[in-house]
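These are notes for a colleague who is opening this model for the first time. Please keep the structure in view while reading the points in turn.

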Amino acid sequence: MIGIIDYGMGNLGSVTNAFRFLELDAKIVTRNQELADCRALILPGVGAFGDCMAHLVEHDFVDAIEGWVQAGKPMMGICLGLQALFESSEESPGVEGLGIFAGTVKRFDLPKELKVPQIGWNRMEETQPDCPMFEGIDNGSFFYLVHSFYVCPQDESIVAGKTEYGIEYCTSVWKDNVFATQFHPEKSQAVGLCMLKNFWNWAEVQ
Ligand SMILES: NC(=O)CC[C@H](N)C(=O)O
């Protein structure tokens with residue numbers, strides 16, 4: 001079963017509905033003790049970096065997530081759930097992220113004709129085409145996103161997907177047992193559902 005972490009800030013409903021539509025066993029976990037029943041985790045997130053980290057601390061999920069990742073168990077981060085995996089964010093100066101990946105999160109600084117937050121569909125170029133989460137997804141497919149900040153991995157080798165919005169920036173990362181994306185696969189129709197199904201299948205064999 002896949003555990004969808006509920007720390008009071010996720011877009012839980014749409015993520016849960018997506019797995020229900022796929023007829024895949026996923027449940028919302030509200031206590032870190034429930035992680036033991038899970039085969040894989042989803043870290044969703046909508047809102048501000050600082051609030052995300054405060055809620056993860058308040059719900060006692062920080063050590064549990066770090067332990068999960070260190071144990072080599074599969075996890076997928078979505079949107080703010082990607083950003084929280086890094087060390088810090090310009091969105092919340094002074095707040096420490098989970099630090100699972102070295103690097104920070106920066107705010108778009110774009111010409112005024114490019115609106116921030118970027119809200120809508122944009123293409124992802126697969127820079128790790130062998131990433132299992134991209135199975136059956138054409139390179140350059142469009143995904144849905146809503147964001148003002150973007151991750152800047154220190155180690156570029158973890159970048160799995162890039163997108164152009166005034167600048168070229170990272171929209172997916174994959175290293176070992178952790179995959180995360182700035183996009184909302186649960187709101188990206190067929191390609192997004194395919195990505196979630198791929199994560200389920202990949203997690204099955206980890
Ligand atoms: N949709 C979101 O919650 C986006 C996450 C973050 N606040 C950003 O603007 O990039």
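**Notes on the model**

1. Leu-43 of strand 3 stands opposite Gly-77 in strand 4. Strand 3 and strand 4 (residues 75-78) run parallel and pair over 3 bridges; two strands count as paired if DSSP finds at least two bridges between them. Helices (H or I, at least four residues) and strands (E, at least two) are DSSP runs, numbered from the N terminus.

2. On the origin of the values: this is a predicted model, in which local features need pLDDT of at least 70 and side-chain atom pairs count only at pLDDT 80 or more, while totals for chains, interfaces and linings use all residues. Residues are numbered from 1 along each chain as its sequence is written, and side-chain values use heavy atoms, with hydrogens and water left out.

3. Strand 3 also pairs with strand 1 (residues 2-5), in parallel and through 3 bridges. Ile-2 has Ala-40 of strand 3 as its bridge partner. Both faces of strand 3 are covered: Ala-40 and Ile-42 are buried on one side, Leu-41 and Leu-43 on the other. Buried means under 20% relative accessible area, exposed over 50%, and partly exposed in between (1.4 Å probe, protein chains only).

4. An open sheet of 8 strands has the order 2-1-3-4-13-12-11-8, and its pairing is mixed. Its edge strands are strand 2 (26-29) and strand 8 (125-126), each of which pairs on one side only. Within this order, strand 11 (residues 159-165) and strand 12 (residues 167-175) are antiparallel and share 6 bridges. Glu-164 has Glu-168 in strand 12 as its bridge partner.

5. Another open sheet has 3 strands in the order 5-6-10, again with mixed pairing. Strand 5 and strand 10 (149-153) are the edge strands, and each pairs on one side only. Strand 6 (residues 103-107) pairs with strand 10 in the antiparallel sense over 5 bridges. One pair of bridge partners is Lys-106 and, in strand 10, Tyr-150.

6. Which residues of helix 2 (residues 49-58) are buried? They are Phe-49, Gly-50, Cys-52, Met-53 and Leu-56. These residues cover an arc of only 160° around the axis, which puts them on the same side of helix 2; the arc is that of the directions from the helix axis to the C-beta atoms. Their cover includes strand 3 (40-43), helix 3 (62-70), helix 4 (80-83) and strand 5 (88-89).

7. The UniProt record (unreviewed entry) places the feature "active site" at Cys-79, His-184 and Glu-186. Such annotations may be inferred rather than shown by experiment. The three positions span 108 residues in sequence, yet no two of their C-alpha atoms are more than 10.8 Å apart, so they gather at one spot.

8. His-184 is in the loop between strand 13 (178-181) and helix 5 (189-204). It is buried, at 3% relative accessible area. Leaving aside residues up to four places away in sequence, the residues that His-184 touches include Asn-11, Cys-79 and Tyr-144; contact means heavy atoms within 4.5 Å. The side chain of His-184 also makes a polar contact of 2.6 Å with the side chain of Glu-186. A polar contact is a pair of N or O atoms within 3.5 Å; within protein, one must be able to donate a hydrogen and the other to accept it, and residues adjacent in sequence count only if both atoms are side-chain atoms.

9. Glu-186 lies in the loop between strand 13 and helix 5 and counts as buried at 11% relative accessibility. A polar contact of 2.4 Å joins its side chain to that of Asn-11.

10. Some backbone values deserve a look. Most residues other than glycine have a negative phi, and most peptide bonds are trans. Glu-23 has a positive phi near 55°; this residue is in the loop between helix 1 (12-21) and strand 2 and is exposed at 75% relative accessibility. Asp-176, in the loop between strand 12 and strand 13, has a positive phi of about 50° and is exposed at 55%. Just after helix 2, Asp-60 takes a positive phi of about 60°. A cis peptide bond, with omega about 10°, joins Val-116 and Pro-117.
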